[in-house]
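Hi,

Here is the structure I promised to pass on to you. Have it open while you read, and I'll walk you through what turned up.

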Amino acid sequence: MPDMTPGVASALSPLVRRIVAPNPGLMTGPGTNTYLVGIDEVAVIDPGPDDAGHIEAIVGASMRERVRWILVTHHHIDHSAGVNRLKRETGAEIVAFGPPKSVQADWAPDRKAKDGEVIEGTEWGLEVLHTPGHASDHLCFFLEEERVLFTGDTVLSGTTAVINPPDGDIAAYLQGDPGRVRRPPHRTGEPDPRGPGRGAEQDRRSRGQDLHRRPRGAPRHGGEVGAGPSAEAEVGRARLGARRQLRLEGGLTSPSAPASG
Ligand SMILES: [Zn+2]
């Protein structure tokens with residue numbers, strides 16, 4: 001299992017490295033996972049807490065001029081508090097859906113993320129999925145080249161997500177993303193939205209990539225969720241946990257929320 005020592009960049013795959021922040025706790029498990037995607041051009045997914053040592057570890061692992069994007073899965077402070085410090089260090093573009101207007105935050109995105117857009121580095125593309133539920137501004141990111149889904153707090157490793165109203169919406173969560181998680185973004189015969197020339201499906205197929213393989217999950221807290229049945233088990237566990245929470249709170253809050261399944 002890759003190293004989960006805080007401050008140490010551990011390689012999870014050719015394109016993905018993880019640095020665990022030094023903020024272990026009941027809500028954060030071993031600590032917030034900060035992911036670095038790419039080599040020549042790097043996207044940092046969730047800077048984590050505003051901790052000088054942690055931000056230094058991110059910059060040191062990626063070389064400051066290579067960090068092009070700071071991507072934020074959602075506004076909760078264990079994910080986003082370090083945004084401004086990392087921005088100061090790197091000048092990278094902050095891309096996020098939030099923070100929501102109802103939340104007082106001391107940071108703002110340089111550009112608001114769009115559901116379905118693809119952020120493209122030199123050797124990779126990250127598809128943006130808006131996945132409200134745990135938080136209204138929640139985003140997942142899908143790394144197509146390695147079929148890794150960065151799940152933020154929608155699916156956690158070995159535990160269930162906490163959904164706190166009013167910004168958290170359990171009905172939205174239950175109607176949410178697992179179906180999209182398992183669906184490959186581009187099907188055979190469909191034009192690649194990234195256009196011809198670079199990243200077209202045929203190119204990736206010719207490089208021997210299995211475009212219909214189920215994605216692996218890279219959650220915000222805890223270790224990786226494996227491909228296939230174990231990833232599905234984690235999605236099932238997350239949904240079961242949400243339903244239990246719902247029962248404790250006295251029922252569904254939205255008439256359109258599913259009763260089962
Ligand atoms: Zn959260």
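Let's start at a glycine: G91 comes just after helix α3 and takes a positive phi of about 70°. Before going further, bear in mind that this is a predicted model.

Now step back into the helix itself. Helix α3 covers residues 83–90 and lies across β4, β5 and β6, running at about 170° to β5. Which residues of α3 are buried? They are V83, R85, L86 and T90. These buried residues cover an arc of only 165° around the axis, so they sit on the same side of α3. A bit of textbook background helps here: an α-helix has 3.6 residues a turn, so residues three or four places apart point the same way. As for what covers the buried residues of α3, the list includes β4, α1 (52–62), β5, α2 (77–80) and β6.

Next, the sheet. Seven strands make up an open sheet, in the order β1-β2-β3-β4-β5-β6-β7, and the pairing is mixed. At its edges you'll find β1 (10–11) and β7 (111–112), each of which pairs on one side only. If "pairing" is new to you, strands of a sheet pair through backbone hydrogen bonds, either parallel or antiparallel.

You can follow part of that sheet strand by strand:

- β4 (residues 42–45) and β5 (residues 67–71) run parallel and are joined by four bridges; I45 stands opposite L71 in β5.
- β5 and β6 pair in the parallel sense too, over three bridges, and the bridge partner of I70 is I94 in β6.
- β6 and β7 pair in the parallel sense over two bridges, with A96 opposite K112 in β7.

Further along the chain, take a look at β9 (residues 125–130). Is this strand enclosed or open? Five of its six residues are buried, so β9 is largely enclosed by the rest of the structure. β9 pairs with β8 (residues 118–120) in the antiparallel sense over three bridges, and a hairpin of four residues joins β8 to β9. β9 also pairs with β10 (residues 139–143), again in the antiparallel sense, over five bridges. A nice residue to click on is E127 in β9: V118 stands opposite E127, and in β10 the bridge partner of E127 is F142.

Finally, a few backbone oddities to look up in the loops. Where is the cis peptide bond? It joins G98 and P99, with omega at about 5°, and P99 is found in the loop between β6 and β7.

Then there are two positive phi values outside glycine. D46 has a positive phi of about 65° although it is not a glycine, and its place is in the loop between β4 and α1. R147 has a positive phi as well, near 50°, and lies in the loop between β10 and β11 (148–152). Are they buried or exposed? D46 has 27 C-beta neighbours inside 10 Å, so it counts as buried. R147 has 19 such neighbours inside 10 Å, so R147 counts as partly exposed. The cut-off behind this is that a residue is buried if 20 or more other C-beta atoms lie within 10 Å of its own.

Have fun clicking around!

Cheers

Conventions:
Residues numbered from 1 in each chain as written. Predicted model: local features only at pLDDT ≥ 70, side-chain atom pairs only at ≥ 80, totals over all residues. Pairing = 2+ DSSP bridges. Contact = placed C-beta atoms within 7 Å. Axes fitted to C-alpha atoms, helices over the stretch in contact; angles between N-to-C directions. Buried ≥ 20, exposed ≤ 12 C-beta atoms within 10 Å, placed from the backbone. Arc of directions from axis to C-beta.
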